[in-house]
Amino acid sequence: MKKMQIAKMAAAAAALSILTACGGNQTSGTVAAPETTAEAAAVSTEAGNTDTAAEPASGQKENYVIAGIYKMGDATWFIQEGKASQEVVEAAGGTWKYMDAKQNGATYMQMIDNCIADKVDGVLVCLPDQNLSQTTVDKLKEANIPVIAVDDALQTEDGTLLAPWVGIDGYNIGAAVGEWAAKYIMDNGLAEDETFGVMLLTADTVSSCVPRTEGQLAKLKEALPDFPDNRIFKADHDTSTEQGNTAASTVITGNPQIKKWLVLGVSDEGAQGAARALEAAGLEKDSVCVGLGGYLAPDEFAKEDSPFKAAAYFSAKGVGGTAAQAMMDYLQNGTPIPEKYAVDAVIVEPGDDLAAIMPEYMN
């Protein structure tokens, strides 16, 4: 299967300084390719008037304390993201605190309160429940602590950002996966095979994940307009491996007529859970799972029988490093934080040079 890459979004370099470690050469392809080093990623930035919740200190301190609160702090993605933030903060002479909210809203809010009590200078958050967005912003603003949302935005119900956000270009990444999926279907003559079905692993309660599925489905339909709707299934989950497994198992069990599955995930964990569900059902040989993130791909690709055969890789270091640099620039120099910053991705498959593309995930 031919490797497909996601087109770069236009970068507004003047709006935000990228990590000094960023670099690398572009590879050729059918569309413009993002950088293929762990630290470098194609980006889109938008300077905006999003309230950062505090006035910059303009270098009045020598040791800034930055906290990172993550909804699944034990997940590979957030561990890598946190390490990237830590490197930037410590290189600037600051102190980094890593916190795991364990997918629990109450735990998350307690950590926000702890940050306020400890008088940290800035907070990066990926909250477990976006209904807590307004409360998060209100509490930190009252304490005069700036906040940047990473991965999942701090936003209102209608999607209005309440604070600066650093994450991925979800729709375009999903669209690239949809293009890859359509090519897979056509290359393998599956469009007319009534025993073949597409499963979209959705996460409808997570705003950053919704456009990923929208992009997948839009491009799939664009390339295969006659593909029957009754062979496209949805399984909603919270992006975790456990719930991905449960959601996929329910769809697989409920549709015994489908013997060959193409599962499109919104996270690597969900795709991994679906892969285990397919194996349990004895359908792994003729099925394929596609992850988003790429951090679980090396281990899955190494398993001879795993149906996890592709992933859209995007850099956790690109997200974590960029967010931390924006926070430190704001605190030390008063540099405005861009409202939005989105990293791009590249689709990886077994046989690709993963050590060059995603070295942070290679042992």
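Guide: Helices (H or I, at least four residues) and strands (E, at least two) are DSSP runs, numbered from the N terminus. This is a predicted model, in which local features need pLDDT of at least 70 and side-chain atom pairs count only at pLDDT 80 or more, while totals for chains, interfaces and linings use all residues. Residues are numbered from 1 along each chain as its sequence is written, and side-chain values use heavy atoms, with hydrogens and water left out.

Visitor: Over which residues does pLDDT stay under 50?
Guide: pLDDT is the predictor's confidence in each residue, from 0 to 100. The protein chain averages 86, and 83% of the residues score at least 70. Where pLDDT is low, the predicted coordinates should not be read in detail. The stretch under 50 is residues 1–49.

Visitor: How many residues of H9 are buried?
Guide: Helix H9 spans residues 316–333 and reaches 25 Å from first to last C-alpha, close to the 26 Å expected (1.5 Å times one less than its number of residues). Buried means under 20% relative accessible area, exposed over 50%, partly exposed in between, with a 1.4 Å probe and protein chains only. H9 is mostly covered, the buried count being 16 of its 18 residues.

Visitor: Which residue caps the N-terminal end of H9?
Guide: The backbone nitrogen of Lys317 lies 3.1 Å from a side-chain oxygen. That oxygen belongs to the capping residue, Ser315.

Visitor: Which strands stand at the edges of the open sheet?
Guide: Two strands pair if DSSP finds at least two bridges between them. The sheet has 6 strands with mixed pairing, in the order S8-S7-S9-S10-S11-S13. An edge strand has a single partner, so one side of it is left without a neighbour in the sheet. Those strands are S8 (232–236) and S13 (346–348).

Visitor: Which residue in S9 stands opposite Gly197?
Guide: Strand S7 (residues 196–202) and strand S9 (residues 260–264) pair in the parallel sense over 5 bridges. Opposite Gly197 in S9 is Trp261.

Visitor: At about what angle does H7 run to S10?
Guide: Axes are lines fitted to C-alpha atoms, for helices over the stretch in contact (heavy atoms within 4.5 Å), and angles run from 0 to 180 degrees between N-to-C directions. Helix H7 (residues 268–280) lies across S7, S9, S10 and S11. Its angle to S10 is about 160 degrees.

Visitor: Is Ala67 buried or exposed?
Guide: Ala67 is in strand S2 (residues 65–70). Beyond four places in sequence, it touches residues including Trp96, Met99 and Cys115. Its relative accessibility is 0%, so Ala67 counts as buried.

Terms used. A polar contact is a pair of N or O atoms within 3.5 Å; within protein, one must be able to donate a hydrogen and the other to accept it, and residues adjacent in sequence count only if both atoms are side-chain atoms.
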